[in-house]
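Thanks for coming, everyone. Today I'll talk about pockets. Please have the structure open while I go.

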Protein chains: 2
Amino acid sequence: MPPKDQGVTKTRLLDAALRVIRAQGYSATSVDDLCAAAGVTKGAFFHHFKSKEALGIAAADYFSAFADSVFAAAPYRQLKDPVDRLLGYVDFRRAILQGQLPDFTCLVGTMVQETYDTHPAIRDACNKSISDHAAMVEADIAQAMKARGIKAEWSAESLALYTQAVIQGAFILAKAKGGPQVAAECLDHLRRYLECIFHHPARKGQ
Amino acid sequence: MPPKDQGVTKTRLLDAALRVIRAQGYSATSVDDLCAAAGVTKGAFFHHFKSKEALGIAAADYFSAFADSVFAAAPYRQLKDPVDRLLGYVDFRRAILQGQLPDFTCLVGTMVQETYDTHPAIRDACNKSISDHAAMVEADIAQAMKARGIKAEWSAESLALYTQAVIQGAFILAKAKGGPQVAAECLDHLRRYLECIFHHPARKGQ
DNA sequence: ACACACATACCAACCAGTTGGTATGTGTCA
DNA sequence: TGACACATACCAACTGGTTGGTATGTGTGT
């Protein structure tokens, strides 16, 4: 019944990849692991992906598309003021630090550390994922700078990438310490920096 | 003559581990890879380390001790004012972003992402390495807060961990983008945040 | 003589990827 | 309508090579 099952097996493999690779890393995850987690056979795997590396690239794209949809639909996107949107982004990222670590950490941040030197194609896919997400943040930053009349030595792109560095680093610390609390506190510091830059009054109790 | 060669083979293996694991990651690095890079046999490896996991833990400790000595000997340590020392730390971290990526990135930040869920003993060693280094930064932060009479909602520990998150995240971005420039710009933003917190006049041209 | 620091040879389990095959669907032309 | 050619989706079994780890030597200094 191919029409009914169209793409189901492939999607099951990609969903499994997100879960398993975020928990174990790319190298430690075997094709058999993926197949077992997805409940499919090895033949099905290599029918949909020509190699493990191709699955890695596809997983990065899949993760990226999923993240795009989550942030596009997030409530903070509706805020009128670009500074509010920027701070809303940080608050939203803080709010989604829920559940187990493999549920909210970043697939591409994990993968790129393992593959940047040995699998250039995966590194490029991860870089595109991070850069595209940063570009979304950069748009709000550029508007915020214009709205507040801020002329700085740093670029909107540089600050957007900085937000991503904080988030990626916060995930590493969360993994090292076994929980998301340290990551939340990192996002609080990031928020404080942005408030400082955009002359925004700090929230009470923060 | 064992007295002369005392520890040489073990050290060669640990040095190789630093290089190879930072380039390929922990899981993708085989014991054979390590032996080849160190120029020793497998028998020697398992004479000094009872398992690959034990090597991972030893490598984290070895990296940690190396980092300790580098930072203890760094010129910024001689600065009298704790705020200068804190900013000096960031400047020093920025200055050592030299050479190839595996030369200056963080072994434990790389390893913990791959092992936090599957090798608790390695995760603990990585966590200790990060936390000990953060504690060194935290001491200067605590003194800086006292010197400037700063009472904040955040703790010195929280800010110290934030500096480590920025550094770890900067390494991920550097790997994704293939060079250290983005990491340097992240450290510039971190410096700006610290200047803001400690009411320090910004440097010109920054 | 004995412990230590290695080296050699080897193993079972696992690895990514291939094979030959089946079941099911789709487009086309008479 | 139906028969044929072809494509898609999948499967179980297999392959050559690699994995972490072990068992058993061997040379050397004390």
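**Two pockets, one by one**

H5(A) contributes eight residues to the lining of the largest pocket, and no other element gives more. One caution before I go on: this is a predicted model.

So how big is the largest pocket? Its volume is about 530 Å³. It is lined by 31 residues, and those closest to its centre are A:Phe63, A:Ala67, A:Phe71, A:Arg93 and A:Phe104. Find those five on your screen, please.

Which helices of chain A each supply at least two residues of this lining? Start with H2 (8-24), H5 (52-72) and H7 (101-104). Then add H9 (120-147), H10 (156-177) and H11 (181-197).

Now the chemistry. The lining of the largest pocket holds 18 nonpolar residues, seven charged ones and six polar ones.

Next, chain B. The second largest pocket has a volume of about 380 Å³. It has 24 lining residues, and B:Phe63, B:Ala67, B:Phe71, B:Arg93 and B:Phe104 are the closest to its centre.

Which element gives the largest share of the lining here? That is H5(B), with seven residues. Four helices of chain B each supply at least two residues: H5 (52-72), H7 (101-104), H9 (120-148) and H10 (156-177).

By class, the lining of the second largest pocket splits into 13 nonpolar, six polar and five charged residues.

To recap: H5(A) gives the most to the lining of the largest pocket, and H5(B) has the largest share in the second largest. That's my part. Questions, please.

Key:
Residues are numbered from 1 along each chain as its sequence is written. Chains are lettered from A and ligands numbered from 1 in the order in which they are written. This is a predicted model: local features need pLDDT of at least 70, side-chain atom pairs count only at pLDDT 80 or more; totals for chains, interfaces and linings use all residues. Side-chain values use heavy atoms; hydrogens and water are left out. On a 1 Å grid over the protein atoms alone, a cavity is a set of points where a 1.4 Å probe fits but cannot get out, and a pocket is an open set with protein on both sides within 12 Å along at least five of seven lines; lining residues have an atom within 4 Å of a point. Grid points are joined across faces, edges and corners, and a volume is the space filled by probe spheres set on the points. Ala, Val, Leu, Ile, Met, Phe, Trp, Tyr, Cys and Pro count as nonpolar, Asp, Glu, Lys and Arg as charged, and the others, Gly among them, as polar.
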